[in-house]
Every structure is written in structure tokens, then in C-alpha cells.
Amino acid sequence: TIVDLPRLTPITRRLVNEAGAADRIQVVTADGVHDPLTGSFDAAVLRAFIQVLGPDDARRALKNVSAVVNPGGAIYVLGHILDNSRTSPIEEVGYNLACVNVYERVPAEYTEQEYKDWLTEAGFEQIERATLPNGDGVITAKKPA
């Protein structure tokens, strides 16, 4: 299941259809920040999603996602993640500086601790950070069983 905003779901559906995956992938229109989500899932993958939200919206979105993740399920937050010092990894600091010059509202480079705090608040535990081969960060967390 892919959840996306109303203005994006037509594009998402087209891409899913072009990939020949419409029989396996459901596209749902929803605002994961402001509206409760529906369904029941063993895992949620948030790719470059939290990073485009302000802190309050990030908290709200994680709580909404938590509500549909089954006990024992997992969440994966992928994207740019800063160390708690906000001075590394250097690639993420550079990306953050570049965004200041490109975007009207700068995508947020949140720290590992900020993610841990928000995920704990949303009901997750066993929170860990790793780095993917492409350099992006991933925070993983589990819902208690």
C-alpha cells in the first residue's frame, strides 16, 4: 500500500500501472499529517517524508503512522539524518546548506535524537540508526508486541 496526497496519487497510480504492479499495490489518498490513517500494516517505510515537515507535523505524522502499524511491526524512516552535534555526517550538513539556497521552506535535517524522541512518543521502541550504502540514513523502530 502506498499512501500519498491527493495531488500526487494520480501520478503514483500511473507509475504503479506502468510497472505492472496494480494487482499487488494499492494506492491510497490520505494526508498522513492531518488525518488519521486507516488499515493495519506490519511495516511502514517513510522515504524523505519527515524531512519535509516541521517538527510539530513530524510528530503528528509519526503518531498517525504508529496507529496503523501492528504490534511487533516496524517503521523505517529513510533520508537525511544528522548526528546530534548537527555537524556530521558532512554530506548531510552540505545538503542542508544547499537547501537553504534552493527551497523557500528548507527541508529539515533532524538529528538522530529528535527522531528517537518522536518515535518513542509515538509508541515505538528498539530505535536504531544505520547508514545505507548510498549514504542516506535510516532509523528503524518497532512497535511493542
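Visitor: With which side chain does the side chain of Asp-136 make a polar contact?
Guide: In this predicted model, Asp-136 occupies the loop between β5 (125-131) and β6 (137-142). Setting aside neighbours within four places in sequence, its contacts are Arg-47, Gly-79, His-80, Glu-92, Ala-130 and Thr-131. The side-chain polar contact, at 2.9 Å, is with Arg-47.

Visitor: Is Asp-136 buried or exposed?
Guide: A residue counts as buried under 20% relative accessible area and as exposed over 50%. The relative accessible area of Asp-136 is 10%, so the residue is buried.

Visitor: Where does Gln-51 lie, and is it buried or exposed?
Guide: Gln-51 is placed in the loop that runs between β3 (41-47) and α2 (55-68). Its relative accessibility is 5%, and the cut-off for burial is under 20%. Gln-51 is therefore buried.

Visitor: With which side chain does the side chain of Gln-51 make a polar contact?
Guide: A polar atom of the Gln-51 side chain lies 3.3 Å from the backbone oxygen of Leu-78. That partner is a backbone atom, whereas the question concerns a side chain. The side-chain partner, also at 3.3 Å, is Tyr-115.

Visitor: What is the phi of Ala-48, and why does it merit attention?
Guide: Ala-48 belongs to the loop between β3 and α2, and its relative accessibility of 43% makes it partly exposed. Most residues other than glycine have a negative phi, which is why a positive value merits attention. Ala-48 is not a glycine, yet its phi is positive, near 50°.

Visitor: Which residue of strand β5 has a positive phi although it is not a glycine?
Guide: The phi in question is about 50°. The residue is exposed, because its relative accessible area is 52% and the cut-off is over 50%. The residue, found in strand β5, is Gln-126.

Visitor: With which side chain does the side chain of Asn-70 make a polar contact?
Guide: Asn-70 is part of strand β4 (residues 69-79). Not counting residues up to four places away in sequence, Asn-70 touches Ser-40, Phe-41, Asp-42 and Lys-143. The side-chain polar contact, at 2.3 Å, is with Ser-40.

Visitor: How many Å apart in space are Asn-70 and Ala-145, C-alpha to C-alpha?
Guide: Along the sequence, 75 residues separate Asn-70 from Ala-145. In space, C-alpha to C-alpha, the two are 8.2 Å apart.

Visitor: What distance separates the C-alpha atoms of Gln-113 and Asn-70?
Guide: Gln-113 sits in helix α4 (residues 112-121), while Asn-70 is in strand β4. Gln-113 is partly exposed, with a relative accessible area of 34%. The two residues are 43 apart along the chain, and their C-alpha atoms are separated by 24 Å.

Visitor: How many Å apart in space are Arg-24 and Asn-101?
Guide: Arg-24 is found in the loop between α1 (9-18) and β2 (27-29). At 61% relative accessibility, Arg-24 counts as exposed. Its separation from Asn-101 is 77 residues in sequence and, C-alpha to C-alpha, 40 Å.

Visitor: Which pattern of helices and strands does the protein follow along the sequence?
Guide: The protein has four helices and six strands. Read along the sequence, their pattern is β-α-β-β-α-β-α-α-β-β.

Visitor: What is the radius of gyration of the protein, and what does the globule rule give?
Guide: For 145 residues the globule rule gives 15 Å. The protein is close to that value, so it is as compact as a globular protein of that length. Its radius of gyration is 16 Å.

Visitor: What percentage of the residues count as buried?
Guide: The C-alpha atoms fill a box of roughly 45 × 40 × 30 Å, taken along the principal axes. The accessible surface comes to about 8,300 Å², with 54% of it belonging to carbon and sulfur atoms. Of the 145 residues, the share counted as buried is 37%.

Visitor: Among contacts between residues at least 6 apart in sequence, what share joins residues at least 24 apart?
Guide: A contact here means heavy atoms within 4.5 Å. Of the contacts between residues at least 6 apart, the share joining residues at least 24 apart is 65%.

Visitor: How far apart do the centres of the positive and negative side chains lie?
Guide: The protein carries 14 positive and 20 negative side chains. The distance between the centres of the two sets is 3 Å.

Methods. Residues numbered from 1 in each chain as written. Predicted model: local features only at pLDDT ≥ 70, side-chain atom pairs only at ≥ 80, totals over all residues. Heavy atoms only, no water. Helix = DSSP H or I, 4+ residues; strand = E, 2+ residues; numbered from the N terminus. Rg over C-alpha atoms; globule rule 2.2 N^0.38 Å. Buried < 20%, exposed > 50% of the residue type's maximum accessible area, 1.4 Å probe, protein only. Areas by Shrake-Rupley, 256 points an atom, 1.4 Å probe, with all protein chains shown as cover. Lys, Arg positive; Asp, Glu negative; His and termini not counted. Charge placed at Lys NZ, Arg CZ, Asp CG, Glu CD. Polar contact = N/O pair within 3.5 Å; in protein donor to acceptor, adjacent residues only side chain to side chain.
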